[in-house]
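Please look through the sequence and the structure shown below before reading on. The report that follows takes up one part at a time.

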Amino acid sequence: YITNNLSSAVLNKSRAMGRGNESKEETLKKLFVGGLSRETNDDQFRDYFSQFGNVTDYIVIKDGNMVSKGFGFVTFDSEEGAENAIRSKAEGHIINNKSVEVKRAIPRDAEPDQREKNTKMFLGGLNRNTTEDTIKRYFETNFDCVVDSVDLIYEKRDQLQPGQEPKPRGFAFVTINDYDKVDHLCVIRKHEIDGKDVEVKKAVSKNNAGRGRGRDGGGRNNNQGGGYG
């Protein structure tokens, strides 16, 4: 009976850490860790990540028989701890003599395409006067990254009256060749650029845009939903 209660408590914590409706601020402090040895326990898991910052919550996810599923979540008391662990990926993370994958936890309510690794982001709700240089400068100045490309989307010339010049449509695609940085920017989601709240999310190729449309309404012919290609 005690074992069953313990099992239920652990499973409930698993749901809370893996599926809770955290705030954006909490999500930015939280990491997903995959590829764990089945022998790695919660204490070993916590002790390893404590070198990067103060750990406030941690768990190795287990099944109903209390056997590790090979992944877990760790939360720090600040974004700095999570950033330290992300930056250390270059040296590799090894727990119990096993290399593990460390990446940002994605909110549970995110669309499936937002969980995929991606270097291309969709920006919606831009000021029509915002330039590609302004977008590039915003990300590079505020988030210590290198923007590889910015593509503002303009009106189609064949849909305009003769003599009219295409104007920006208020959205763009930005490429940053850093999966972790893109995850970070998309978890923040709302960015103020040129005085406007701009939505930032991972871009979806048009081949996938018709699937799982969800509440964003990103259909095949609606670039406002983040489709490209």
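## A helix lying across the sheet

In this predicted model, helix α6, which covers residues 179-188, lies across the strands β6, β9 and β10, and the helix runs at about 135° to β10, the strand of residues 196-202. Helix α6 is mostly covered, since nine of its 10 residues are buried. Among the buried residues are charged-looking names as well as nonpolar ones, including Asp180, Lys181, Leu185, Val187 and Ile188.

Both ends of the helix have a local feature that can be found in the structure. At the start of α6, an oxygen in the side chain of Asp178 reaches to within 3.0 Å of the backbone nitrogen of Asp180, and just after α6, Arg189 takes a positive phi of about 70°.

## The sheet beneath the helix

Five strands form an open sheet, and their order across it is β7-β8-β6-β10-β9, with antiparallel pairing. The strands β7 (149-154) and β9 (190-193) stand at the edges and have a single partner strand each, so one side of each is left without a neighbour in the sheet. Neighbouring strands of this sheet are turned against each other by 30° on average, if direction is ignored.

In general, the strands of a sheet pair through backbone hydrogen bonds, either parallel or antiparallel. Within this sheet, strand β6 (residues 120-124) and strand β8 (residues 168-175) run antiparallel and are joined by five bridges. One place to look for this pairing is Phe122, which stands opposite Phe173 in β8.

## A buried histidine in an edge strand

His191 has its place in strand β9, one of the two strands at the edges of the sheet. Is His191 buried or exposed? Its relative accessibility is 1%, and because buried means under 20%, His191 counts as buried.

Two polar partners of the His191 side chain can be named. The side chain of Tyr138 makes a polar contact with the side chain of His191 at 2.8 Å, while the backbone oxygen of Leu185 lies 2.9 Å from a polar atom of the His191 side chain. Leaving aside residues up to four places away in sequence, His191 touches Tyr138, Phe139, Phe143, Leu185, Lys196, Asp197, Val198 and Val200. Leu185 is one of the buried residues of α6, and the contact with Leu185 therefore links the edge strand β9 to a covered part of the helix that lies across it.

## Two nonpolar cores

In soluble globular proteins, nonpolar side chains tend to be buried together. The largest nonpolar core here has 25 residues, of which Met121, Leu123, Leu126, Ile135, Phe139, Val174 and Ile176 touch the most other members. The elements giving two or more residues to this core are β6, α5 (132-143), β7, β8, α6 and β10, and α6 gives the most, with five residues. A second, separate core consists of 18 residues and includes Leu31, Phe49, Tyr58 and Val102.

Phe139 shows how one member of the largest core meets several parts of the chain. Not counting residues up to four places away in sequence, Phe139 touches Met121, Leu123, Asp144, Cys145, Val147, Val174, Leu185, His191 and Val200.

## A hairpin elsewhere in the chain

Strand β2 (residues 55-62) is mostly covered, with six of its eight residues buried. Six bridges join β2 to strand β3 (residues 68-76), and the two strands run antiparallel; in β3, Gly72 is the bridge partner of Val60. The hairpin of β2 and β3 has five residues between the strands, and in this hairpin Met66 takes a positive phi near 65°.

## A long-range neighbour and the whole chain

Lys24 has its place in helix α2, which covers residues 24-27, and counts as partly exposed at 34% relative accessibility. Although Lys24 and Ile188 are 164 residues apart in sequence, their C-alpha atoms are 6.3 Å apart in space. Apart from residues up to four places away in sequence, Lys24 touches Val187 and Ile188, both of which are among the buried residues of α6.

For the protein chain as a whole, there are seven helices and 12 strands, and 45% of the 229 residues count as buried. Among contacts with a separation of 6 or more, 64% are between residues 24 or more positions apart. The accessible surface comes to about 12800 Å², and 43% of this belongs to carbon and sulfur atoms.

Note on methods:
Residues are numbered from 1 along each chain as its sequence is written. This is a predicted model: local features need pLDDT of at least 70, side-chain atom pairs count only at pLDDT 80 or more; totals for chains, interfaces and linings use all residues. Side-chain values use heavy atoms; hydrogens and water are left out. Helices (H or I, at least four residues) and strands (E, at least two) are DSSP runs, numbered from the N terminus. Buried means under 20% relative accessible area, exposed over 50%, partly exposed in between (1.4 Å probe, protein chains only). Contact means heavy atoms within 4.5 Å. Accessible areas come from the Shrake-Rupley method with a 1.4 Å probe; for residues, only the protein chains shown count as cover. Two strands pair if DSSP finds at least two bridges between them. Axes are lines fitted to C-alpha atoms, for helices over the stretch in contact, and angles run from 0 to 180 degrees between N-to-C directions. A polar contact is a pair of N or O atoms within 3.5 Å; within protein, one must be able to donate a hydrogen and the other to accept it, and residues adjacent in sequence count only if both atoms are side-chain atoms. A nonpolar core is a set of buried Ala, Val, Leu, Ile, Met, Phe, Trp, Tyr and Cys residues joined through side-chain atoms within 4.5 Å.
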